[in-house]
Amino acid sequence: MEIRLKVNGRSYVFDVPPRMLLAHLLRDRLGIRSVRIGCDTGHCGACTVLLNGEPVKSCNVFAFMADGGEVVTLEGLNDRLAAALKRAFVEEHALQCGYCTSGMIVSLYGLLKDGRQTSEGEIRRAIRGNLCRCTGYTSIVRAAVRAQRYVSS
Ligand code: FES
Ligand code: FES
């Protein structure tokens with residue numbers, strides 16, 4: 001089936017099988033490597049992207065369901081908030097192996113993009129679907145708090 005999709009600002013037309021997952025479309029057809037396949041079952045969050053502005057696990061979405069929509073992956077996040085998150089992740093040592101990091105940043109971007117001041121509890125809730133085997137989450141939460149401070153100063 002034919003679908004139209006905007007990905008990181010570029011428009012595409014794809015012919016996709018009905019059961020193709022958005023995660024596989026992004027990785028296999030477009031070569032977008034920040035979309036990681038950790039589980040393929042909606043549990044780890046490594047494949048998180050923004051779909052029409054909201055974080056979704058792209059292995060939970062059939063490609064045809066995104067028809068007409070707009071997808072943004074970590075590669076497409078280039079504004080002040082994205083820069084603040086990336087800087088804060090480094091400064092707070094919020095990544096080790098890095099496997100979860102792109103999904104984490106996309107989920108946090110989805111939370112913080114409106115510029116509203118958020119609590120630590122909200123930050124923890126925003127990443128509750130993103131698993132990290134390495135960091136214990138505390139440094140990731142600190143990074144989100146720090147990034148929020150950067151964009152509001
Ligand atoms: S690969 Fe999508 S949630 Fe794990
Ligand atoms: S940094 Fe390794 S899984 Fe999160």
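**Chat about strands, helix 1 and ring pairs**

Me: How many bridges join strand 3 to strand 4, and do they run parallel or antiparallel?

Reply: Four bridges join the two, and strand 3 and strand 4 run antiparallel. Keep in mind that this is a predicted model.

Me: Fine. What's the bridge partner of Val-49 in strand 4?

Reply: Val-49 is bridged to Val-56 there.

Me: And how many residues sit between the strands in that hairpin of strand 3 and strand 4?

Reply: Two residues lie between the strands, and in this hairpin Asn-52 takes a positive phi near 50°. Asn-52 belongs to the loop between strand 3 and strand 4 (54–57).

Me: What's odd about the phi of Asn-52?

Reply: Its sign: the phi of Asn-52 is positive, about 50°, although the residue is not a glycine. As background, most residues other than glycine have a negative phi.

Me: Is Asn-52 buried or exposed?

Reply: Asn-52 counts as exposed, because its relative accessibility is 54% and the cut-off for exposed is over 50%.

Me: Which loop holds Asp-40, and what phi does that one take?

Reply: Asp-40 lies in the loop between helix 1 and strand 3. The phi of Asp-40 is positive too, about 70°, and Asp-40 is not a glycine. Asp-40 has a relative accessible area of 31%, so it is partly exposed.

Me: What about Gly-31, where is that?

Reply: Gly-31 comes just after helix 1, with a positive phi of about 70°.

Me: Switching to helix 1 itself. Which of its residues are buried?

Reply: Leu-22, Ala-23, Leu-25, Leu-26 and Arg-27 are the buried ones in helix 1.

Me: And what do the buried residues of helix 1 pack against?

Reply: Four strands: strand 1 (2–7), strand 2 (10–15), strand 3 (48–51) and strand 5 (69–72).

Me: Let's zoom in on Leu-22. Why does it count as buried?

Reply: Because its relative accessibility is 0%, and buried means under 20%. Leu-22 is part of helix 1 (residues 22–29).

Me: What does Leu-22 touch, leaving out residues up to four places away in sequence?

Reply: Leu-22 has contacts with Leu-5, Val-49, Ser-58, Val-61, Phe-62, Ala-63, Ala-66 and Val-71. So Val-49, the bridge partner of Val-56, is one of the residues that Leu-22 touches.

Me: How far is Leu-22 from Val-35, C-alpha to C-alpha?

Reply: 9.9 Å, with Leu-22 and Val-35 13 residues apart along the chain.

Me: New topic, rings. How many aromatic pairs are there?

Reply: The count is two. Tyr-12 and Phe-14 make a stacked pair, with 5.4 Å centre to centre and 20° between the planes. In the pair of Phe-62 and Phe-64, the ring centres are 5.9 Å apart and the planes are at 10°, so that pair is stacked.

Me: Is Tyr-12 buried or partly exposed, and what about Phe-14?

Reply: Tyr-12 is partly exposed, at 21% relative accessibility, while Phe-14 is buried, at 7%.

Me: And Phe-62 and Phe-64, buried or partly exposed?

Reply: Phe-62 has a relative accessibility of 26%, so it counts as partly exposed. Phe-64 is partly exposed as well, at 34%.

Me: Last one. Which residues form the nonpolar patch on the surface?

Reply: Met-1, Phe-64 and Met-65 form that patch, and together they have about 290 Å² of accessible area. Met-65 sits in the loop between strand 4 and strand 5, and Phe-64 is the ring stacked with Phe-62.

Methods:
Residues are numbered from 1 along each chain as its sequence is written. Chains are lettered from A and ligands numbered from 1 in the order in which they are written. This is a predicted model: local features need pLDDT of at least 70, side-chain atom pairs count only at pLDDT 80 or more; totals for chains, interfaces and linings use all residues. Side-chain values use heavy atoms; hydrogens and water are left out. Buried means under 20% relative accessible area, exposed over 50%, partly exposed in between (1.4 Å probe, protein chains only). Contact means heavy atoms within 4.5 Å. Patches are made of residues with over 30% relative accessible area and no salt bridge: like charges are joined within 9 Å, nonpolar side chains (Val, Leu, Ile, Met, Phe, Trp, Tyr) within 5 Å. Accessible areas come from the Shrake-Rupley method with a 1.4 Å probe; for residues, only the protein chains shown count as cover. A salt bridge is a side-chain nitrogen of Lys or Arg within 4 Å of a carboxyl oxygen of Asp or Glu. Two strands pair if DSSP finds at least two bridges between them. Rings of Phe, Tyr and Trp (its six-membered ring) pair if their centres lie within 6.5 Å; planes under 30 degrees apart count as stacked, over 60 as edge-to-face and the rest as tilted.
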